[in-house]
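Dear colleague,

Please find below the structure for your files. A short account of what was found in it follows.

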Amino acid sequence: MKKTVLCFFALILLLCGCKEQKTVDVNLKNLSMDADVKYRSYTINCTIELDGGGMFTSTINAPEAIAGTIVRYDGDMLTVSYMGLEYTPEKSPKKEHVNGIINMILSSASAGAQAERTEKGFMLKSKVANYEYELYVSEVGLPLSLECEKADLYAEFSNVKLGN
């Protein structure tokens, strides 16, 4: 009888410890990551740094023709650097280019958002500036991939590292 009661309590404790996580906080502040991006008919590889508060830096690694280009956003202020030359437009351009769209989505998603468990993993489905997107994150909230159908944009993130 004691063995049956002990087995019953052990089973109850085991089942209580297996509660499936339903949501996760999205973590997009103070990190860097590599991104393989498909945008319309273009494919690029870049390294992205997110510092929070609208600070976004993208360093293009491929294709070779534009490798080394650095795109920085400080809030709405854009700066583009290439081969020692730096350009800051007087008026911020529309954000309808690949880095602008990614920055806009990641900045929006970093504002205390939660991803919900789906069959494909944890997903944050939201909208910013007429762009609906799906951001998939890991169980600790770090980015895995981004899909934005209207912009014809898909990004896969790797080598995600948290900053200090």
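How many helices and strands does the protein chain have? The chain has 2 helices and 12 strands, where helices (H or I, at least four residues) and strands (E, at least two) are DSSP runs numbered from the N terminus. Along the sequence, these elements follow the pattern α-β-β-β-β-β-β-β-α-β-β-β-β-β.

Please note that this is a predicted model, in which local features need pLDDT of at least 70, side-chain atom pairs count only at pLDDT 80 or more, and totals for chains, interfaces and linings use all residues. Residues are numbered from 1 along each chain as its sequence is written, and side-chain values use heavy atoms, with hydrogens and water left out.

The mean pLDDT (the predictor's confidence in each residue, from 0 to 100) of the protein chain is 86, and 85% of its residues reach 70 or more. Over residues 3–15, pLDDT stays under 50, and the model has 0 contacts (heavy atoms within 4.5 Å) beyond four places in sequence for them.

Of the 164 residues, 35% count as buried, that is, under 20% relative accessible area with a 1.4 Å probe, protein chains only. The largest nonpolar core (buried Ala, Val, Leu, Ile, Met, Phe, Trp, Tyr and Cys residues joined through side-chain atoms within 4.5 Å) has 40 residues. Helix α2 (residues 98–109) gives the most to this core, with 7 residues. Among the residues with the most contacts inside the core are Ile102, Tyr133 and Leu146. Beyond its neighbours within four places in sequence, Leu146 is in contact with residues including Ile102, Ile105, Tyr133 and Phe157.

Yours sincerely

Key:
Buried means under 20% relative accessible area, exposed over 50%, partly exposed in between (1.4 Å probe, protein chains only).
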